[in-house]
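Visitor: Could you give me a close look at the aromatic rings in this one, and at what sits around them? Take your time and walk me through it.

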Amino acid sequence: MACPHLDSISLSPPTPAQSVYREDCTQCFDSIDNPQGLDVCLQCFNGGCPRAHSKLHKATTNHPLALNIRRTRKRVVKDEPPAKMTKLAIAAETDADRYDITTVVKCHECLIELDKAHPKLSPLIDGILKANTFSRQEEVKAWEQELTSCEHILLLQQHESQKIQSGDLGHCSMCDLKENLWLCLECGNLGCGRAQFGGVGGNSHGLAHATASHHAVAVKLGSISPEGTADVYCYQCDEERVDDDLAAHLAHWGILLADRVKTEKSLTEMQIEQNLRWEFSMTTEDGKELKPLFGPGLTGLKNLGNSCYLASILQCLFDIPAFQARYNIPEAELPAVADPAQDLETQLRKVADGLLSGRYSKPDSDVIASESSPEIPHQKGLAPSMLKHLIGRGHAEFSTMRQQDASELYQHLVKLITRSPHSASLKDPTSAFRFVLEQRLQCLSCKKVRYSSTEQDSIFLDVPIEKLPAVEGEGDQYKPVTFKQCLDNFTAQEVVELTCASCGSKDGFTKRSLFKTFPESLVVTVRKMTVENWVPRKVDVPVIVGDEPFELDPYFSTGLQPSEEALPEEETAAAPAFVPNEAALNEMLTMGFPQNRCEKALHATGNSSAMSAMEWLFEHMEDPDIDAPLALASAAPGGNVAADPEKIEMLGSMGFGAPQARKALKETGGDMERAVEWLFSHPDDQGDFEDAAAPAEKKEVVPAGSANLPANFRLQSIVCHKGTSIHTGHYVAFIRKQLDDASKWVLFNDEKVVEAGDVEEMKKTAYVYFFNRVN
């Protein structure tokens, strides 16, 4: 039986710009490794599982033709030992070396298989199998950085040309090291580099030469490949760089690219390896490997290259009941969209199904805990590359493949999910995180008070840092603190320098922040930063949190009391004028920060401390207006700035009402981006009805969270981090699960899911906490 669709449909191989989803389904994690394989649409190259979503795609798009791809692992019998490795370059092993690929072309409409040798199908099948997959494009980025040249390379003046004898290229000019050698491109000196991760030695003689001679640019000899790639470092910029004239600069010293062989890992390769190998203990105290776990809610996520921050946050989020109720709904129909891979709702439901169904949580003999215990298999892990692409789209940091701050990712995800549409029956799951924090200001002179509240979805706690006396043979140790100490400090009363608008006194105010309502799930990020040689460094201070529930009732705000007199609301004056914390300002100025930046940072961080302000500064160094004077928006109601109707309409398409949009634009001078931020930070503000054509009936605003007491919370999950900076190192998640009718901690280390062993290590490296409210 001939298929009429083959002749009537126009088919062409994928172009380099098109995404080909030929590894896993765009709506679930069924893949080409499943027994049924994966159906790739021959018209739009969407990937759909034969179990459910291939037929759904056909029904939605009326694309009947599909290529079924099934992959099985080859069994390789090795009769002789493998050849000795002579260099550290990545071996060019292809899928054909590891797998057998079976393909079948079928028509969903005619329910028949088609001849793959057909002249319309043969080049199309070949194009699909050879095209870069969506995940492969992301993996390539994972091993690359966006490197640029610099003025020191562009203006490089090399000394008199000479050929450096091969014998002189054998070791450092100042010691006997024969690896990790850096050639000064200016004078030809050879010096060893800094000691590197993985036992690579170095005495920093290359740096010493650069410091003494002021010669900036050097190249790592072992990283030079015949293709012209190499590690080039500028000591003046203290950055890895690209030298577009590397071949000529090396030839100046008699080194020809064609003669070179790459024998050492590049800096990027070592950085990736270091981030992947920060050791979270995978063994028990007696040295046995931790027990791998499998089943619903026990599915690992594959590291896509510096993506452990994403895996850890996703594991914690999808353990929250509100997220499970919102996205783990297999009985509900998926959104009917043209491109499921580009739809946030679809991808979040895909991840929920993957993590919670247990369908993909099974042992894989190719994944082992360590080389010393190959008998213990782990999971293959799910690759959330489509969701990662969506999360990072348009974002300066999350669109890259560099390591990121897990706490910042949480904030970013909350914004994305809040802005996405939710039906009445499927409410926004991020509402479980929201609560109201109330600030009380009291003038030290007239004793009048002002209460103000802000809606938040997390809090940040500064951890007191006290170094313990040094012990020979051990690294730096810090005095443990309790979580209660950190909360007490966060809610403690402090004095701030503000001018009272009522009595005019400049004596200042007392300030204290307490909870006006409590969330269902409280998210807390702890900051453990210290400054050494003007450089912020993260340290591992153990924060003690018990497993038993604890009360937050002592931190509840009772609001304005009958005995208190409120500061009058002013029609023309703004809130009390901002006066920067003098001690914090002076501390930052002595470090060399400009005054405008200091004032902005202190204002943004509540005028609390130099440490918090510096953290804010380091995160906002690239802001275009970072050096502009601090401009405080007038708080006077009914400003004269007219809101642009087109901008109001644009904000309306995001789900905001016209009154809220109008007020947000007025408060931010018409800046769209700042208006969106204002709207999310003032969700209880009903907006400006002044210009409305017809007055709308005001609805009662229900504050986020609950003011019911008692407010008992219990630790449910933690994102832990090892490393000296939140932008490097490695993230894992510890989550409390019910195992064998008992509550136990489970470690999610990328694709590896095991019953946790070292709880003390968990406490020491904890970074983001998730607490659930309990009765």
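Guide: Let's start with F483: at 5% relative accessibility it counts as buried, because the cut-off for that label is under 20%. F771, at 0% relative accessibility, counts as buried too. Bear in mind that this is a predicted model, so everything here is computed from predicted atoms.

Now put those two residues together. The ring centres of F483 and F771 are 5.0 Å apart with the planes at 45 degrees, so this pair is tilted; edge-to-face would need over 60 degrees, and stacked under 30. As for where the partners come from, F483 belongs to helix α15 (residues 483-491) and F771 to strand β30 (residues 766-774), so the pair ties together parts that are 288 residues apart in sequence.

That's one kind of geometry; here is another. In total the structure holds 21 aromatic pairs. Among them is Y410 with F433, an edge-to-face pair with 5.5 Å from centre to centre and 75 degrees between the planes. Y410 sits in helix α14 (residues 406-419), while F433 is in the loop between α14 and β15 (435-443), so here the parts being tied together are 23 residues apart in sequence. Both Y410 and F433 are buried.

Y410 and F433 also belong to a wider group: ring pairs link them with F318, F323, Y327 and F770 into a cluster.

Rings can have charged neighbours as well. R71 lies over the face of Y99, 4.0 Å from the ring centre. K350 does likewise with F29, at 4.7 Å from the ring centre.

While we're looking at what is buried, helix α2 (residues 53-61) makes a good side trip away from the rings. Its buried residues are H53, S54, H57 and K58. Looking down the axis of α2, you'd find these buried residues within an arc of 150 degrees, so they line one face of the helix. K55 and A59 are on the other side of α2, and they are exposed. What do the buried residues of α2 pack against? Their partners are β1 (38-41) and β2 (47-48). Right after α2 comes N62, which has a positive phi, near 60 degrees.

If you want to go back to the rings with the viewer open, try the tilted F483 and F771 pair, then the edge-to-face Y410 and F433 pair.

Note on methods
Residues numbered from 1 in each chain as written. Predicted model: local features only at pLDDT ≥ 70, side-chain atom pairs only at ≥ 80, totals over all residues. Heavy atoms only, no water. Phe/Tyr/Trp six-rings, centres within 6.5 Å; stacked < 30°, edge-to-face > 60°. Helix = DSSP H or I, 4+ residues; strand = E, 2+ residues; numbered from the N terminus. Buried < 20%, exposed > 50% of the residue type's maximum accessible area, 1.4 Å probe, protein only. Lys NZ or Arg CZ within 6 Å of the ring centre and 35° of its normal. Arc of directions from axis to C-beta. Contact = heavy atoms within 4.5 Å.
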